[in-house]
Amino acid sequence: MLRLILKKLGLLIPTFIGVTLTSFFFIRLLPGDPILLLAGERGVSPERYNELMIQFGYNDPIWQQYLTYLGNLFQGDLGASIVTKQPVLQEFMTLFPATVELGVCAMLFAVIVGLPAGIIAAVKRGKTLDHTVMTTALAGYSMPIFWWGLLLIILFSGMLGWTPVSGRISFMYWIEPVTGFMLIDTLLSDEPGAFGSAVSHLILPTIVLGTIPLAVIARQTRSAMLEVLDEDYVRTARAKGLSNFRVIGIHALRNALIPVITIIGLQIGVLFAGAILTESIFSWPGVGKWMVDSIFRRDYPVVQGGLLMIAVIVMIVNLIVDLMYGLINPKIRHTE
Amino acid sequence: MSLKKSLLFGTSLFAAAVVAGPVMAKTLVYCSEGSPEGFTPSLYTTGTTFDASSIPVYNRLVEFVPGTTDIVPALAESWEVSEDGKEYTFHLRQGVKFHTTSWFTPTRDFNADDVIFSFDRQGNPQNPYHNVSGGTYEYYNAMDLPTLIDSIEKIDDYTVKFILTRPESPMIANLAMDFASIQSAEYADAMMNNKNAFDQQPVGTGPFQLVAYRRDAQIRYTANPDYWDGKAPIDNLIFAITPDASVRYQKLVAGECHVMAFPNPADLEEMSRDPNITLLQQEGLNVGYMAYNTTQTPFDNPKVRTALNMAINKQAIIDAVFQGEGQVAKNPIPPTMWSYNNEVVDDPYDPDAARTMLEEEGVTNLSMKIWAMPVQRPYNPNARRMAEIIQADFARVGVDVDIITYEWGEYLQRSSDPNRDGAALFGWTGDNGDPDNFLGVLLSCEGVGGANRAQWCNEEFDNLIEQARQSSDVDERTRLYEEAQVIFKREAPWATIAHSIVSEPISVRVENYKIDPLGKHNFYGVDLN
């Protein structure tokens, strides 16, 4: 097992280098210049422009800039934002917990709803219930996040007044960040009502961000279940007289889960992409919105650093998913 | 007490004050559009940052009366200008207290040292704070202060003299700008071992003091109890950072905020019908225009430029692009600005006459480019649409238009190039209410290759602007600027298109809130009923 982990970790190194290369060069390939964007309509004199280029180190040859970046990176220095002048790592660490909190809730929502929905659709194959679930899933998958988010806000916050419009917690509370996760921090604080406020603020963004993964999981679960339900061992289990629940819940589901888990792993990347829009709609102080703003401002250090951190996290999650196969299906563990 | 702990202590006190308390504290929530870049105004250039830093936390020597561009004494009670216009002596206000916060307790009042520190930091590379927070001081440089200020002298604790290298009458207006906010020299000395925190945990003299800030979420302020001009009527001020305009509107409707920034033009009509919302409107201090490249044929001929201007149906642009929320522009400065010349007659919309004029000048089968900005601005909410309308107008007089656009940074760069082709859509929002900030920045010979996108250098116009800059007599300056506007109209380097109307929806509970012509959001003096 340890050898397997090491081997997988070794494979991550070229990916890591690749990410530094692409994030570094792609943002520079985009037209536009951070200094000109900072100056805006007023413009900047050629002398001043040169001064700033030197100050930011953009006058050096591009390969030298890359090597400097890489050198700093290995010392744990991701650089400082051109716009806010704050260290990128510090900005990332302040914003990241909010994204994780929302991402985890959205994923839980997607799994808790999507998995049973897929199973039910498979078991009731061809019946009205199956068609309903699958049509809803298709609709969910096709839903533009921005429109979906605004729709829910207008309905539940504007018209019905059931949920708050946006933010992480009511302005009545100020919760000092201890872990950065609002649900945990509100529990740790003695503020009565703060936890409830944090939960109510999570509901809509969770649904919006979780919708696409939910649809994917439901569809994937259904097809995986359909495949295993026809397998001999399922028929054998039924022949042994096991209850329907045991047959589906244990014999079939455990085997059907393998492709589903792969999909869940892959959805982590999708979640980050969805977080960008969801965070913008719900004023959620996470890394998604931060990255988009930085791309528009050509804030090179933030784009490079942020992309790299996100890529590393996605790689680690996928590594964990890879290792989990073994736990679910011993056959994979042995062939590795 | 460590900084972090003291901040924690301060915020819990604040939270207690907001949440509990038998006497309901008045808390105003402002749905702002984004996070400030930091809290030291001189380091940054955006209105979002100034709203959160210079306006609530700091004061300047002189300031704008809320809702106007009139200048009044603030930290300076009075000032004199020498005969030659090169020496400005400021007499400072006494008894002004810096904020007592959980991270700093001042031991002395505001004095001349603070003024000197605030400017020295920006202008002197040897100042220990000059390079802190990546110090680039864009506004200080843009207003040309490095070459303008010769020295700043402390005459005594409450008298400061600015010595300039040349007479510059917009100087006082410059000093009312955000970058000229006065910071505490005593606090700076105390933070020598942790200089970055100086820019993140501000200590000012302003009407509100910072309590806590969480990026992309909230900024919390409490009213400065010792404010020199009297404590603000509200007790707490919260910025709920809400980037999406539709969501800000929903929050206003749901009562989650009292004032919202930058509404969607499409929502205005609905807002005006909502009994719980007051929709404030005011003419913005801006101009949207199209700059010909006056160095290239046929646009080097003023008659051709005027003929083209006559082909543009500006009212149609106001209706379609501004949804009626604007007015046709005839001068390069907005009507709310002093020295606006209302005598100037705009070129009439007359496609037939325009076509004849073009033919008289030998311009037939002209094809040209119109540059459309890729971004939305108050002075031009939809440049693409505007370009399309002009394209159709020009087609009517036989001019073929190709619309082009670039990414914003590239657009800014390429449009400044003296060899650029065609005409570029652009605009400007005033920084300080001085006409020189429009006429000098955008149309002087000095600006060619930079902010002067028409690449227009007219000696007669330039002399008037230069004379006005050196005169400290407002009447004389007014006369000079009025004359300059006549020359501008005659020479037509731009098609002046529109001045927009700024709208701000507020809750009916909010009293005394005024739209700021410079686009800032100021909550001093505002009350909640």
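Biologist: Let's start with two helices of this predicted model. How does α13(B) pass α15(B)?

Modeller: α13(B) crosses α15(B) in a right-handed way.

Biologist: What makes the two helices, α13(B) and α15(B), roughly antiparallel to each other?

Modeller: Look at the angle. Helix α13 (residues 314-321) of chain B packs against helix α15 (residues 383-396) of chain B at about 150°, with the axes 10 Å apart. Angles over 145 degrees count as roughly antiparallel, so α13(B) and α15(B) earn that description.

Biologist: Which residues meet there?

Modeller: From α13(B) come B:Ala316, B:Ile317, B:Ala320 and B:Val321, and from α15(B) come B:Arg385, B:Met386 and B:Ile389. By class, this contact has 6 nonpolar residues, no polar ones and 1 charged.

Biologist: Now to another helix. Why is α10 of chain B called largely enclosed by the rest of the structure?

Modeller: A residue is buried if 20 or more other C-beta atoms lie within 10 Å of its own. In helix α10 (residues 245-253) of chain B, 7 of the 9 residues are buried, so the helix is largely enclosed. Among the buried ones are B:Tyr249 and B:Leu252, and also the charged B:Arg248 and B:Lys251. Just after α10(B), B:Gly255 takes a positive phi of about 80°.

Biologist: And the whole chain? How do you know that chain B is as compact as a globular protein of that length?

Modeller: Chain B has 19 helices and 20 strands. Its radius of gyration is 25 Å, close to the 24 Å that the globule rule gives for 529 residues, so chain B fits that description nicely. Buried residues make up 52% of chain B.

Note on methods
Residues numbered from 1 in each chain as written. Chains lettered and ligands numbered in written order. Predicted model: local features only at pLDDT ≥ 70, side-chain atom pairs only at ≥ 80, totals over all residues. Axes fitted to C-alpha atoms, helices over the stretch in contact; angles between N-to-C directions. Helix = DSSP H or I, 4+ residues; strand = E, 2+ residues; numbered from the N terminus. Parallel < 35°, antiparallel > 145°, perpendicular 65-115°, else oblique. Left-handed = near helix turned anticlockwise from the far one by under 90°. Contact = placed C-beta atoms within 7 Å. Buried ≥ 20, exposed ≤ 12 C-beta atoms within 10 Å, placed from the backbone. Rg over C-alpha atoms; globule rule 2.2 N^0.38 Å.
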